[in-house]
Amino acid sequence: MPPQPPSAPTPPSLPAPLFDTAVIAGVGLIGGSVALGLRSRLLARRIVGVDANLDALREAQALGVVDEIRAAPGEWLREADLVVLAAPMRVLAPLAADLAPYLNPQALVTDVGSVKATIAAELHRLGVRNFVPGHPMAGSERGGVAHARAALLENAVWVLTPTEHTPLTALSRARALVEHLGAAPVVMPPGAHDDLVATVSHLPYLASLALTHLVARDERLSLLAAGGFRDLTRVASGDPRMSRDMVVENREALRLALRRFRTQLDRLEAELDDPEELLAAAQEGKRTRDSLPVVKRSLLPRRHDLVVTISDRPNQIGAVTQALGAAGVNIKDIEVLAIREDGGAMRLGLETPEDVQEAAGILRSAGFDVVGRA
């Protein structure tokens, strides 16, 4: 008998998805990003988009964000074992009420709204037992499913706000979902979340509006509005209606945050006559800003940083990432620290100290100046 050719190796089997059918109710920026995260990480066998906006649904399907589209809830929803409510704040509660009669009682239900107490109370009233309120602290001034991307949620803090009615099994499933999407779950009560985001999210939006209104009333100011001003007012470029609904929904907590902010402004105004006190305030501000999780990643898996000096020439950022990518070094985070006419710097977040050493050697060989730090 002639020798038989060796048999082809058996391909490795794919892991079983967390969910059989996932429903994304609202296929905008965040809903679309969740869908893409589910798809890219093989977390759901089938992804269904439901939205009252038929154009958004068709675009989501054409872009491959969802497998199927539905314009309205119905009996088909009973097949879903994951339902993500991703509609704007003003329609989140009505959407939940429309979906509730058709939900599978065993399905995990969560949302991505920026205010939690009201939607938590509404879903309890509707009798949706396995609901875990959630809020991924991620976004963009560019809305719509066309700008959705799975990477938007990676390394983001994702707040989960269970109530006394939330089953522990549902919370455990929600944590697993968030972690599998590459985000970092943080658990707190709904009211605590709303108080905190009033200060760190909703107040900055109103502050950016106030600053842009000053510029709008004096055209000379717009000529001098440089990078710092643009960075500080970036959130004013978001969807005005959605932003309005967000802050109005949380208005009581936001009023308190505004009172505290006015107190801080009054204190800083008084310190204009006391340079040493103002210096102390500036030093405290720098320490606080430099220690924020979005800078130090303290709420996320520990990162190790490499700061790269780049010249003001085309494709310098691309040259850095391409050099490291070709060598198999995985960049976990990128932040542009400064760009000026004579050049600037960027921070690369890497997984281990060894990655920092390897990346530093690669980039120095390519002619870049680098500084590593833990």
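A residue counts as partly exposed when its relative accessible area lies between the buried limit, under 20%, and the exposed limit, over 50%. In this predicted model, Phe261 has a relative accessible area of 33%, so Phe261 is partly exposed. Phe261 sits in helix 10, which covers residues 251–270.

Phe261 also belongs to a nonpolar patch on the surface. The other members are Leu265, Leu268, Leu272 and Leu278. Together the five residues have about 410 Å² of accessible area. Helix 10 gives the most to this patch, with three residues.

The strands were examined next. Six of them form an open sheet. Their order is 3-2-1-4-5-6, and the pairing is parallel. Strand 3 (68–70) and strand 6 (131–132) are the edge strands. Each of these two pairs on one side only. At one edge, strand 6 pairs with strand 5 (residues 108–111) in the parallel sense, over two bridges. Within this pairing, Thr110 stands opposite Val132 of strand 6.

Helix 3 (residues 89–99) packs against this part of the model in a defined direction. Helix 3 lies across strand 1 (19–25), strand 4 (82–85) and strand 5. The angle between helix 3 and strand 4 is about 155°.

Two residues of helix 3 recur in the surroundings of Asp245. Asp245 is placed in helix 9 (residues 240–249). Its relative accessibility is 10%. Buried means under 20%, so Asp245 counts as buried. Neighbours within four places in sequence aside, Asp245 is in contact with Met89 and Arg90. Both numbers fall within the range of helix 3, residues 89–99.

Leu232 gives the opposite case. Leu232 is placed in helix 8, which covers residues 227–232. Its relative accessibility is 56%. The limit for exposed is over 50%, and Leu232 therefore counts as exposed. With neighbours within four places in sequence left aside, Leu232 is in contact with Ser208 and Leu211. The chain position of Thr212 is 20 residues from Leu232. The C-alpha atoms of Leu232 and Thr212 are separated by 9.8 Å.

The three residues thus fall into three classes of accessibility. Asp245 is buried at 10%, Phe261 is partly exposed at 33%, and Leu232 is exposed at 56%.

Terms used
Residues are numbered from 1 along each chain as its sequence is written. This is a predicted model: local features need pLDDT of at least 70, side-chain atom pairs count only at pLDDT 80 or more; totals for chains, interfaces and linings use all residues. Side-chain values use heavy atoms; hydrogens and water are left out. Two strands pair if DSSP finds at least two bridges between them. Helices (H or I, at least four residues) and strands (E, at least two) are DSSP runs, numbered from the N terminus. Contact means heavy atoms within 4.5 Å. Axes are lines fitted to C-alpha atoms, for helices over the stretch in contact, and angles run from 0 to 180 degrees between N-to-C directions. Buried means under 20% relative accessible area, exposed over 50%, partly exposed in between (1.4 Å probe, protein chains only). Patches are made of residues with over 30% relative accessible area and no salt bridge: like charges are joined within 9 Å, nonpolar side chains (Val, Leu, Ile, Met, Phe, Trp, Tyr) within 5 Å. Accessible areas come from the Shrake-Rupley method with a 1.4 Å probe; for residues, only the protein chains shown count as cover. A salt bridge is a side-chain nitrogen of Lys or Arg within 4 Å of a carboxyl oxygen of Asp or Glu.
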